[in-house]
Amino acid sequence: MLTDLSPLIAATARWLTVAYPAGGGALAAALCDAQARQAVTVAARLRYPTEIDAGLVTLAGPGGAARLDWMTGAEPADGHPPEEWAWRTWVDEVVASWAAALLTDPRLAVLAVAALTGGEHTAAPPAEFRRLLYPDAGDRRAAALLRHPDLLAPVAALHRDQLLDRLAPGRSLAA
């Protein structure tokens, strides 16, 4: 059974950066993408904490971006060739919501990264998530839309209660 979450992480991070793009050129886009990928990676590891969880979502598929697109007013896929929108089928709504919450609430991001320690996924040192946890001024400028609490509020609110429940003290990450 496949347990690699990288297609889900890549698609969900891409959705976030398309919905909330960077301004200011290629460097800003790269910094924005790095922050989105870090938030999505943490969210995905929390959402699918075991190899079985990751295998099941890989087998069944995460659900796609239709509801997120509707909420944010994204252009519908109608009339576009499938290769232009097929990646959206790998977007995970819950992971996008959790990542949005992590990007807009630094305290929650710290708790989430700390919760990864000791799970089945390789525990990463906080340095791997530096741009998520400790963004500098350049990171903040590059991801001004991606980190804007008011803009991300509808997406973050979708599944925030589930994230808070997952991060509650004494809660096991196993699904």
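**View 1. Asp-33 sits in helix H2, which covers residues 26-47.** How exposed or buried is Asp-33 in this predicted model? Its relative accessibility comes to 26%, so Asp-33 lands in the partly exposed class, given that buried means under 20% and exposed over 50%. Look for Ala-22 here too: 11 residues separate Ala-22 and Asp-33 along the chain, and their C-alpha atoms lie 8.4 Å apart.

**View 2. Helix H1 (residues 6-19) crosses H6 at roughly 55°.** The two axes come within 10 Å of each other. Angles of 65 to 115 degrees would count as roughly perpendicular and those under 35 as roughly parallel; H1 and H6 are therefore oblique to each other. As for handedness, the H1 and H6 crossing is right-handed. On the H1 side, the contact is made by Leu-8, Thr-12 and Leu-16, while H6 brings in Val-95, Ala-96 and Ala-99. Sorted by class, that gives 5 nonpolar residues, 1 polar residue and no charged ones for the contact of H1 with H6.

**View 3. H6 also meets helix H10, which spans residues 149-158.** Here the axes come within 7 Å and cross at roughly 140°. Roughly antiparallel would take an angle over 145 degrees, so H6 is oblique to H10. What is the handedness of the crossing as H6 passes H10? This one is left-handed. H6 supplies Glu-93, Ala-96, Ser-97, Ala-100, Ala-101 and Thr-104. Across from them, H10 offers Pro-149, Leu-152, Val-155, Ala-156, Ala-157 and Leu-158. The tally for the contact of H6 with H10 is 9 nonpolar, 2 polar and 1 charged. Keep an eye on Ala-96 when flipping between views: this H6 residue is part of the contact with H1 and of the contact with H10.

**View 4. Stepping back, the protein has 11 helices and 0 strands.** Walk along from the N terminus and the elements read α-α-α-α-α-α-α-α-α-α-α. Of the 175 residues, 45% count as buried. Among contacts with a separation of 6 or more, 84% join residues that are 24 or more positions apart.

**View 5. Confidence in the protein is highest in helix H6 and lowest in helix H5.** The mean pLDDT is 98 for H6 (residues 93-104) and 74 for H5 (residues 82-85). For the protein, the average is 88, with 86% of the residues scoring at least 70.

Conventions: Residues numbered from 1 in each chain as written. Predicted model: local features only at pLDDT ≥ 70, side-chain atom pairs only at ≥ 80, totals over all residues. Heavy atoms only, no water. pLDDT = per-residue confidence, 0-100. Helix = DSSP H or I, 4+ residues; strand = E, 2+ residues; numbered from the N terminus. Axes fitted to C-alpha atoms, helices over the stretch in contact; angles between N-to-C directions. Left-handed = near helix turned anticlockwise from the far one by under 90°. Contact = heavy atoms within 4.5 Å. Nonpolar A, V, L, I, M, F, W, Y, C, P; charged D, E, K, R; others polar. Buried < 20%, exposed > 50% of the residue type's maximum accessible area, 1.4 Å probe, protein only.
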